Amino acid sequence: MDSDKYQERCINIINTEQFLKLDRDPTKTIENKIQRAIRGIKSKLPDDKYKLLYPTGSIPGRFYGTAKIHKLKEDDYHVDNLPIRPIVSNIGTASYQLAKYLAQLLRPLSISSYTVSNSKEFISCFKNEIQPINYKLISFDVVSLFTNVPLDFTIDLILKRVYRNKEISTDIPQKDMKTLLLLCTKQVHFTYNKQIYSQKDGVAMGSPIGPILANIFMVDLETSLMPNLSSYMTVWRRYVDDTICYIDPSSIEIVLDMLNNFHKNIKFTYEIEHQNKLPFLDVLVEREERSISTAVHHKSTNNDIYLHWNSFAPVNWKRGTIKTLVKRAYTICSNDLILKKEIDHIREVFKNVNGYPTCVIDDVIKKHKQENKIINHNLIIQNNVEHSNIKEHFLVLPYKGEKGFSALKSARKCIEKLLPPTQCMKTVFTAKRLCEKFVIKDPIEKKHRFDITYKVICPMSDCNQQ
């Protein structure tokens with residue numbers, strides 16, 4: 001996408017009622033507010049947690065957009081029509097560590113009997129449900145959930161569930177909790193194209209607490225509406241803003257109206273099954289007579305291009321790419337015939353599209369099959385326990401090919417000799433990505449940079465010391 005078109009798309013997102021353009025940088029002011037709030041609850045926190053949450057040297061958030069490739073329409077493939085997903089990087093901001101802490105604390109409130117955390121859990125609970133006669137599979141999707149989550153409504157809901165219903169335990173007083181939540185949401189600001197903006201409502205993708213608030217709101221929607229919706233549909237399952245259920249086809253508009261009337265900010269769209277098939281997450285669900293089958297869902301925009309065999313990257317990255325897709329196939333495919341078809345597809349894709357040797361592909365698949373047959377559960381648990389007692393040190397190095405491996409080999413032996421038996425060293429390689437050539441985030445201003453060295457020149461005219 002041309003940079004001018006990209007910037008135009010981003011500005012169109014920012015120029016909505018959820019965002020406000022600021023005439024000054026409030027980073028230091030917000031940092032001071034959070035510092036005061038953290039000092040106010042110092043007695044409620046362990047010393048190490050207090051030090052972690054207390055912000056210093058903060059930077060503004062940085063706005064950027066990522067491509068929603070799967071949203072391109074099949075009859076209109078053109079880069080200028082590519083939808084943009086807005087993200088605000090919160091790493092290094094004054095509220096980042098606080099948002100992570102609150103997200104972990106409030107996580108139990110974001111889970112209900114309707115939620116699933118991944119494809120494996122969805123398949124496990126959905127395949128055993130009774131398929132109602134004359135019902136259809138349908139998927140309801142919330143339009144731009146994150147940017148439309150009503151913050152005041154959701155924060156009041158959290159306070160009610162924590163302090164009135166006692167659903168989780170915390171020593172933080174209610175007044176302080178509300179202050180902390182507001183600081184992590186309504187006090188979020190960011191830079192884009194050298195301008196400063198704040199977010200007035202909704203939650204930012206990129207904030208650790210964003211998914212938690214979105215899920216807490218959706219849990220309340222489900223709890224409130226499901227008793228009335230159960231006469232029209234059944235087996236409702238949800239992953240963040242995507243849902244799937246069985247529905248009486250004549251009741252679709254009734255259900256849609258009830259969902260859309262729950263809160264003025266939230267609107268749903270839906271997709272009905274086609275030829276007894278409906279995708280959910282990366283799973284293609286197919287209805288059979290009295291059961292369902294599941295296969296890996298490949299979106300229409302999928303081009304099967306992965307890390308090429310000849311690319312300048314570690315071999316374990318390449319093998320890991322195959323292994324991930326093989327593992328997904330074994331997790332999702334519901335019978336041997338579907339599994340074989342998906343494994344054959346993986347072989348074809350990696351050999352003919354991504355240039356992998358057949359022996360490497362077959363070796364990865366073979367090893368996964370062997371791992372899949374391990375039944376000695378006690379041995380697995382024992383290995384995990386032993387591993388958890390070993391302290392790991394990570395050596396992060398730029399990837400330099402085979403020469404780098406040979407130079408590292410002797411260095412690792414030397415380092416491991418110096419480490420006690422309870423410690424080990426792992427090597428992590430990094431590599432430059434193509435997108436580093438095309439900057440999509442604002443650079444951090446000098447006044448906000450950290451981990452730097454200062455140079456001070458003597459102000460005296462006859463002195464050149466520094």
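1. A good place to start is a pair of helices: α7 and α8 cross in a right-handed sense. Please keep in mind while reading that this is a predicted model. Helix α7 covers residues 151–164 and helix α8 covers residues 174–185; their axes come within 11 Å and cross at roughly 150°.

2. Which residues of α7 and α8 make the contact? From α7 they are L151, I155, D156, I158, L159 and Y163, and from α8 they are Q174, M177, K178, L181, L182 and T185. Sorted by class, this contact holds eight nonpolar, two polar and two charged residues.

3. Next, have a look at the open sheet. Three strands make it up, in the order β10-β11-β12, and their pairing is antiparallel. The edges are formed by β10 (277–280) and β12 (292–296), each of which pairs on one side only. On average, and ignoring direction, neighbouring strands here are turned by 25° against each other.

4. For a closer view of the strand pairing, follow β11, residues 283–287: five bridges join this strand to β12 in the antiparallel sense. What is the bridge partner of E286 in β12? That partner is S293.

5. Two helices pack on this sheet. Helix α5 (residues 119–126) touches β10, β11 and β12, and its direction makes about 15° with that of β11. Helix α11 (residues 315–332) touches β11 and β12, with a direction at about 175° to that of β12.

6. Now for the interior. In soluble globular proteins, nonpolar side chains tend to be buried together. In this model the largest nonpolar core has 60 residues, and those with the most contacts inside it are L102, L106, F140, L259 and F268. Helix α9 (residues 210–229) supplies the largest share of this core, 10 residues. There is also a second, separate core of 33 residues, with V235, I244, A295 and I346 among them.

7. F140 deserves a visit of its own. Setting aside neighbours within four places in sequence, F140 is in contact with a list of residues that includes W236, I247, V255, L256 and Y270. L259 and F268, named above for their contacts inside the largest core, are also on the list for F140, and so is T243.

8. Finally, is C359 buried or exposed? This residue lies in helix α13 (residues 358–372). C359 counts as exposed because its relative accessibility is 57%, and exposed here means over 50%. C359 and T243 are 116 residues apart in sequence, and their C-alpha atoms are 40 Å apart in space.

Key:
Residues are numbered from 1 along each chain as its sequence is written. This is a predicted model: local features need pLDDT of at least 70, side-chain atom pairs count only at pLDDT 80 or more; totals for chains, interfaces and linings use all residues. Side-chain values use heavy atoms; hydrogens and water are left out. Two strands pair if DSSP finds at least two bridges between them. Helices (H or I, at least four residues) and strands (E, at least two) are DSSP runs, numbered from the N terminus. Axes are lines fitted to C-alpha atoms, for helices over the stretch in contact, and angles run from 0 to 180 degrees between N-to-C directions. Contact means heavy atoms within 4.5 Å. A crossing is left-handed if the near helix is turned anticlockwise from the far one by less than a right angle, and right-handed if clockwise. Ala, Val, Leu, Ile, Met, Phe, Trp, Tyr, Cys and Pro count as nonpolar, Asp, Glu, Lys and Arg as charged, and the others, Gly among them, as polar. Buried means under 20% relative accessible area, exposed over 50%, partly exposed in between (1.4 Å probe, protein chains only). A nonpolar core is a set of buried Ala, Val, Leu, Ile, Met, Phe, Trp, Tyr and Cys residues joined through side-chain atoms within 4.5 Å.
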